[in-house]
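Here are some notes for reading the model in front of you. They take up the cysteines, then the contact between two chains, then one residue in a strand.

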Amino acid sequence: MRLRKLTLRHFRNAGFAALEFTGRQHFLVGANGQGKTNLLEAAGLVTALRSFRTTENKLLVGHGQHCAALAYVIEHERQGETHVTLKLRHDGKELWCDQARVTKLAEHLGKFPTVVFSSQDLQLVRGSPAQRRRWLDLTLAAMDAGYLRALQTATRALAERNALLKSGRASAAELGAFEQTLAPAAAELIARRGAGLKTLEKSMQAAYAQIADAAEPASLVYEPNFAEASAEALLARLESGRARDQQFRTTLTGPHRDDFHFTVKHTAAKDFASEGQQRSLVLALRIAQAAWFHEKSGVRPVLLADDVLGELDPARRARFWSALDPEAQIIATGTHLPAAELGAWQVFEVADGVFAEKEAVS
Amino acid sequence: MTPAFEKLQQHLKQLPGLGYRSSERIALHLLVEKPARLASLVSALEAAAAAVRRCDRCGNLAEGPLCGICADERRDRGLVCVVEHVPDLVAIERSGAFRGTYHVLHGKLSPIHGVGPGDLNVAALRGRIEAGEVGELILALPNDVEGEATCHYLTEHLAGAGELKTTRIGFGLPSGGGVLYADSVTLKSALEGRRGYH
């Protein structure tokens with residue numbers, strides 16, 4: 001898909017802005033704190049109505065306003081020209097797609113894929129397992145309604161089982177009732193995560209080889225908390241773990257404690273890889289995510305690159321741009337324009353929430 | 001408004017389905033527009049509160065020991081449809097498709113909301129099964145996590161009490177509807193629940 005027009009009203013520091021995107025590559029240039037990332041954030045919201053920076057709607061609505069509005073005109077592979085409108089209030093969101101109100105998020109998820117490359121992505125290597133799980137869940141659920149359903153069921157059943165354990169009056173019969181619901185959904189998550197990470201690893205390896213331009217094998221390793229993706233085995237494990245779970249008052253086994261890690265040259269990237277290698281790994285992972293979205297939905301995601309290349313050497317930077325899907329639309333930000341040999345960019349200068357188009361550089 | 005009016009409105013607002021505006025409207029209606037209705041409403045409330053109770057056998061609304069359905073000799077007492085709430089029973093009754101009897105649990109298992117087996121009308125169901133009067137138990141509980149867990153609980157801890165067949169109500173496409181407008185979750189369960197044709 002291609003984002004053709006984006007209009008913002010009362011979004012963050014932009015009072016009103018209307019941008020028309022022509023061509024395939026767009027660059028937002030400006031000093032820090034002018035609102036470049038806000039625009040990427042606005043563009044990325046169309047995918048799952050989630051910001052890559054915050055979970056609080058309040059922060060997205062301009063100061064002193066009670067409603068922000070975003071309007072997208074999208075050229076879509078399957079739906080043709082599509083108009084999407086998103087209204088954000090302090091306490092909720094409203095979404096319209098071609099003038100029709102969308103009330104079920106599940107029906108919207110994955111239709112308009114975008115992938116954000118952000119400097120915060122380093123947390124995927126260095127951060128907590130919870131951050132990695134969240135990324136994995138969002139990536140897999142966006143293109144797979146079955147995954148989303150299994151995730152919702154498992155999350156709810158787990159919350160019920162944990163509430164039971166916390167109450168301190170859990171009977172085996174009640175625990176069993178929720179385990180029967182939890183186990184099949186959890187087993188499905190384990191199986192789909194394993195398969196999904198395998199696919200993601202393949203394209204990540206290819207992208208990493210291209211960016212790093214060195215013979216350093218990289219890999220993505222799934223670390224399931226319970227490795228056997230069968231409902232029966234998990235059910236037996238939950239049952240045998242009841243005494244321990246009751247002692248700790250929470251469920252200690254299951255996919256809610258899964259993790260994955262990166263390796264470079266067969267050692268854990270978190271501990272042994274250099275800053276440059278870690279950055280290259282997460283860029284490669286994002287490229288793999290974009291390829292996954294494209295493969296699963298037939299829709300090419302828009303790539304949103306938020307000043308990610310600052311810390312890379314010029315050679316890696318150039319190789320990063322060439323590792324991207326040559327047909328994908330790219331909206332990038334930075335304090336300096338990219339090197340001239342990287343093709344034509346449509347340039348917007350950003351100052352204090354105002355976006356002014358500049359004559360294209362060649 | 002006066003303190004007494006506000007107190008009335010507060011009580012109305014706590015009723016399910018009523019918000020600030022509708023509670024205000026009802027209070028005004030009863031006190032100002034049609035005060036004549038007030039006395040009959042109060043006596044109807046009192047009479048209903050005194051007369052209506054739970055059916056000893058199934059938990060449905062009743063005015064004697066048994067509800068109208070349990071008291072009806074023509075209903076098949078071997079066939080018991082387990083529902084979460086009384087309105088679920090009413091909906092099935094309205095369909096006219098069921099000639100068995102019911103069992104109303106008055107809830108479903110949900111530790112998050114502090115609901116355990118002791119809060120549900122399970123003991124009476126156990127009594128019915130142990131008395132040997134139940135041949136088939138139809139589980140018509142919702143197919144969310146709590147509904148499914150309640151079904152598991154019932155089948156594992158009641159079914160053993162007698163020779164009992166347990167079935168789950170079907171989940172799938174609405175009648176008169178095609179596959180086009182069904183959401184993916186409904187379609188999946190409709191496909192899983194397909195059956196032989198002819």
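1. A disulfide is a pair of cysteine sulfur atoms within 2.5 Å. By that rule, a search of the whole structure, over all chains, finds zero disulfides. Keep in mind that this is a predicted model.

2. Cys58(B) is in no disulfide, and the nearest cysteine sulfur, which belongs to Cys70(B), lies 3.7 Å away. The cut-off is 2.5 Å, so a pair at that distance is not counted. Cys58(B) is buried, at a relative accessible area of 1%.

3. Why does Cys81(B) have no bond to the closest cysteine sulfur? That sulfur is in Cys151(B), and at 11 Å it is too far from the sulfur of Cys81(B) for a bond. Cys81(B) counts as buried, because its relative accessibility is 3% and buried means under 20%.

4. Turn now to the place where chain B and chain A touch. The contact takes 18 residues from chain A and 22 residues from chain B. Of the area that chain B buries against chain A, 35% is supplied by Pro111(B), Ile112(B) and Val145(B), more than by any other three residues. The area buried between the two chains is about 1,600 Å², and carbon and sulfur atoms give 64% of it.

5. How many salt bridges are counted between chain B and chain A? The count is one. The side chains of Glu146(B) and Arg156(A) form a salt bridge, with 2.6 Å from N to O. As for polar contacts, the rule finds four residue pairs across the interface, both residues at pLDDT 80 or more.

6. On the side of chain B that touches chain A, the elements giving two or more residues are helix H7 (145-158) and helix H8 (184-192) of chain B. The largest share, eight residues, comes from H7(B). Sorted by class, this side of chain B has six charged, seven polar and nine nonpolar residues.

7. The last residue to look at is Val350(A), which sits in strand E14 (residues 345-351) of chain A. Is Val350(A) buried or exposed? With a relative accessible area of 4%, Val350(A) is buried. Leaving aside residues up to four places away in sequence, Val350(A) touches Leu28(A), Val29(A), Gly30(A), Gln34(A), Gly35(A), Lys36(A) and Phe355(A).

8. Val350(A) can also be placed relative to Gln278(A): the two are 72 residues apart in sequence, and their C-alpha atoms are 30 Å apart in space.

Conventions. Residues are numbered from 1 along each chain as its sequence is written. Chains are lettered from A and ligands numbered from 1 in the order in which they are written. This is a predicted model: local features need pLDDT of at least 70, side-chain atom pairs count only at pLDDT 80 or more; totals for chains, interfaces and linings use all residues. Side-chain values use heavy atoms; hydrogens and water are left out. Contact means heavy atoms within 4.5 Å. Buried area is the accessible area (1.4 Å probe) that two parts lose on being put together, summed over both. A salt bridge is a side-chain nitrogen of Lys or Arg within 4 Å of a carboxyl oxygen of Asp or Glu. A polar contact is a pair of N or O atoms within 3.5 Å; within protein, one must be able to donate a hydrogen and the other to accept it, and residues adjacent in sequence count only if both atoms are side-chain atoms. Helices (H or I, at least four residues) and strands (E, at least two) are DSSP runs, numbered from the N terminus. Ala, Val, Leu, Ile, Met, Phe, Trp, Tyr, Cys and Pro count as nonpolar, Asp, Glu, Lys and Arg as charged, and the others, Gly among them, as polar. Buried means under 20% relative accessible area, exposed over 50%, partly exposed in between (1.4 Å probe, protein chains only).
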